[in-house]
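Colleague: Could you walk me through one part of this model, namely how two of its helices pack together? I'd like the cut-offs spelled out as you go.

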Amino acid sequence: MPHGDVADRPGSSSFPSGHTAAAVAFTAAAAPSWPWAAAACAVPTVLVAAERVHSGAHYPSDVAAGAVIGGAAAALVRTAPRLLVRCRP
């Protein structure tokens, strides 16, 4: 899609892709508990990332950074309960 054809482009920086970060975070956090659900969510997650680049809303690096942030958030969510239990006095 040509850059000029996107009418509702945000005026602020688009780094990183929040849509991609949220999609990856949900899919990665759900994967250990519900592998079948994570497998079903993987396709829309990839489509969200591809759409953000295709629509011109983000550069591929924005989407890659969003995916890394989403993966890190999922890892933190999965690890936090064990860390809190260990920190109890």
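**The α1–α2 contact**

Modeller: Starting with the surface, the protein chain exposes about 6000 Å², and carbon and sulfur atoms supply 72% of that area (Shrake-Rupley method, 1.4 Å probe; for residues, only the protein chains shown count as cover). Bear in mind that this is a predicted model, where local features need pLDDT of at least 70, side-chain atom pairs count only at pLDDT 80 or more, and totals for chains, interfaces and linings use all residues. Numbering starts from 1 along each chain as its sequence is written, and side-chain values use heavy atoms, with hydrogens and water left out.

The protein chain has three helices and zero strands, so the order from the N terminus is α-α-α (helices are DSSP runs of H or I with at least four residues, strands are E runs of at least two, numbered from the N terminus). Of its 89 residues, 27% count as buried, meaning under 20% relative accessible area, with exposed being over 50% and partly exposed in between (1.4 Å probe, protein chains only).

Now to your pair. α1 and α2 pack at an angle of about 165°, with their axes 9 Å apart; the axes are lines fitted to C-alpha atoms over the stretch in contact, and angles run from 0 to 180 degrees between N-to-C directions. That makes α1 roughly antiparallel to α2, the label for angles over 145 degrees. The crossing of α1 past α2 is left-handed, i.e. the near helix is turned anticlockwise from the far one by less than a right angle.

On the α1 side, the contact (heavy atoms within 4.5 Å) is made by H19, T20, A23, V24, F26, T27 and A30, and on the α2 side by P35, A38, C41, A42, T45, V48, A49 and R52. These residues divide into 10 nonpolar, four polar and one charged; Ala, Val, Leu, Ile, Met, Phe, Trp, Tyr, Cys and Pro count as nonpolar, Asp, Glu, Lys and Arg as charged, and the others, Gly among them, as polar.

Two residues deserve a closer look. T20 sits in α1, which spans residues 18–30, and is buried at a relative accessible area of 1%. Beyond its neighbours within four places in sequence, T20 touches V48, A49, R52, V63, G66 and A67. R52 belongs to α2, residues 35–54, and also counts as buried, at 16% relative accessibility. With the same kind of neighbours set aside, those within four places, R52 is in contact with S17, H19, T20, A57, H58 and V63.

Notes: Parallel < 35°, antiparallel > 145°, perpendicular 65-115°, else oblique.
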